[in-house]
Amino acid sequence: MVSASEQAQSKHYPGKLIAVEGLDGSGKSTQIYLLKRWLELKNFRVRFTAWNSSVMVKKATSKAKKRQLLTPTTFCTIHATDFADRYEREIYPLLQAGFIVLADRYVFTAFARDAVRGVSSDWVEKIYSFAVKPDITFYFRLPLETSLNRILEGRPTLKYHEAGMDMHWSNDPYESFRIFQGKIRKEYEELSKKWGFVEIDATQEIFAQQEKVRRIVSEKIKLENFLFQQLPLNSYQGSLIVEHKPVSAQ
Amino acid sequence: MQVDAVPNIPNLPELTNKKFTGKLFVIEGTDGSGRSTQISLLSAWLEQRGYSVTHMGLRRSNLVSAQLEQAKQGNTLMSLTMSLFYATDFYDQLINLISPALGAGSIVLADRYIYTLMARDILRGVDRQWVESLYSLAIKPQGVFYLNVHTPRLIERTFQKKGWLDYWESGMDLRLSSDIFTCFCRYQKRLRAEFRQMQKVHQFQIINGNRGIEEIQEDLREHLRQFLGAPTK
């Protein structure tokens, strides 16, 4: 019997998935936005999806976060629920439909955060094993201090979980955030090696980073296949012939 | 049956340094199998003997039970999402209800547990190994009792009790038939087959649920007695 992850990775679909990961303040959202604009203006089939955006589950997560009801394990499963909703409803169908899907944070964000909260990494990876691996994962890397400075400069109000306050490392939200981000960064460094992230130096100028991102995307993805109305008919064949089954059962 | 005297401590960050002295028993069975009747009789019996009893069930967490109820009404979530939503409800109760109760030496009676959740997911096409790993961090019960009721009896009881068939308990989302009655029969048959398969892996005790209430109760008490050290009355 093949595992869910092998099944996920062996799936055939005409779309492509590009994810961006990195610390808060790494500029990854700006970069993926610029990538999206570039692809859109070139008339490619492209859609964008962000972490924590499923309407159905959002109500539950925000209520739980506000009331500080989440523990590390339920923090993990509730975010997995949210992700699964977007994945089943949006990401996977888009890939089947032959779109380039741009994800601002993907499963690796969960891997890093859950590991920092002490949840077994093996378990977390198994839970997310239904999700396909991105074709490209950009990791916007920068020194911890730089990211902290960028975020903390304006003395923002840090949300409870965002600052890792639930871990009780410090009563000071800013200190807690520093500790939390430091641990997240370590996890990202490990994940980068394990999953083969494409590392981008996030201390460079925005346009310079974007130039690199676009170059890599055009090298790794045959963009001309993604022009609107240009989908080769046979890319759909797999999904047309195979009887429909729920995602994880394929 | 190889069962530990006290529950294991799963590898959850919330449960490090915990020590369990209580016991966990699970009653499984579909709606109308008589679960809640048997559980309330067992609770009375245990309390009479001086044991503290704690109850858990599905969709009862503080965290997401209301949202789950909503999702059930709307029928808008897909298999994996629903599965993870229920898992969140389950782990919330495991961490905030079951674990403290077991730590305090209480007897936890679960009105269904991971097995119903897994069976439902598997019938909806979710990968078996994936579901097994999702629930691999659950506390292993001292006893799992599956009330096996054959379909004609189940139909009789359901109609007697409620007068109608529930959408989800009939597996209507699976579209096994266009009419709810046929769907119910087919769905229950599949559920039973799934439970039979899980029985080997998870060491259920199958309790013949076609008998009278007292007879079933006596059977359950007999099973529980071997785990309880205290006086027998």
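**Two covered helices, a shared core and the A–B contact**

Helix α4 of chain B, residues 114-123, is mostly covered, with nine of its ten residues buried. This comes from a predicted model. The buried set runs through Ile114(B), Tyr115(B), Thr116(B), Leu117(B), Met118(B), Ala119(B), Arg120(B), Asp121(B) and Ile122(B), so that charged side chains are found in it too, namely Arg120(B) and Asp121(B). As for what does the covering, the elements include two strands of chain B, β1 (23-28) and β4 (143-148), along with the helices α3 (79-103), α5 (128-134) and α7 (180-202). After α4(B) comes Gly125(B), which has a positive phi, near 90°.

Chain A has a mostly covered helix of its own: in α5, residues 107-116, ten of ten residues are buried. These are Val107(A), Phe108(A), Thr109(A), Ala110(A), Phe111(A), Ala112(A), Arg113(A), Asp114(A), Ala115(A) and Val116(A). Their cover includes the strands β1 (16-22) and β4 (136-141) of chain A, plus α4, α6 and α8 (173-195) of that chain. A glycine turns up after this helix as well: Gly118(A) follows α5(A), and its phi is positive, near 85°.

Now for the core. The largest nonpolar core holds 116 residues, and the ones touching the most other members are Val101(A), Val108(B) and Met118(B). The biggest contribution to this core is from α3(B), which puts in 13 residues. Met118(B) has already come up as one of the buried residues of α4(B). Leaving aside residues up to four places away in sequence, Val101(A) touches Gly15(A), Leu17(A), Arg47(A), Thr49(A), Ile91(A), Leu94(A) and Leu95(A).

Val101(A) also serves as a reference point for Tyr33(A): the two are 68 residues apart in sequence, and their C-alpha atoms are 12 Å apart in space. Tyr33(A) sits in helix α2 of chain A, residues 28-41. Tyr33(A) counts as partly exposed because 15 other C-beta atoms lie within 10 Å, while a buried residue would need 20 or more.

That leaves the contact between the chains, where 35 residues of chain A meet 31 residues of chain B. On the chain A side, the elements giving two or more residues are α1 (4-9), α3 (55-66), α4 (72-96) and α6 (121-127). The largest share, eleven residues, is down to α4(A). By residue type, the side of chain A that touches chain B splits into 17 nonpolar, eleven polar and seven charged. Besides its part in that contact, α4(A) is among the elements covering the buried residues of α5(A), and so is α6(A).

Definitions and conventions:
Residues are numbered from 1 along each chain as its sequence is written. Chains are lettered from A and ligands numbered from 1 in the order in which they are written. This is a predicted model: local features need pLDDT of at least 70, side-chain atom pairs count only at pLDDT 80 or more; totals for chains, interfaces and linings use all residues. Two residues are in contact if their C-beta atoms, placed from the backbone, lie within 7 Å. Helices (H or I, at least four residues) and strands (E, at least two) are DSSP runs, numbered from the N terminus. A residue is buried if 20 or more other C-beta atoms lie within 10 Å of its own, exposed if 12 or fewer, and partly exposed in between; C-beta atoms are placed from the backbone. A nonpolar core is a set of buried Ala, Val, Leu, Ile, Met, Phe, Trp, Tyr and Cys residues joined through C-beta atoms within 7 Å.
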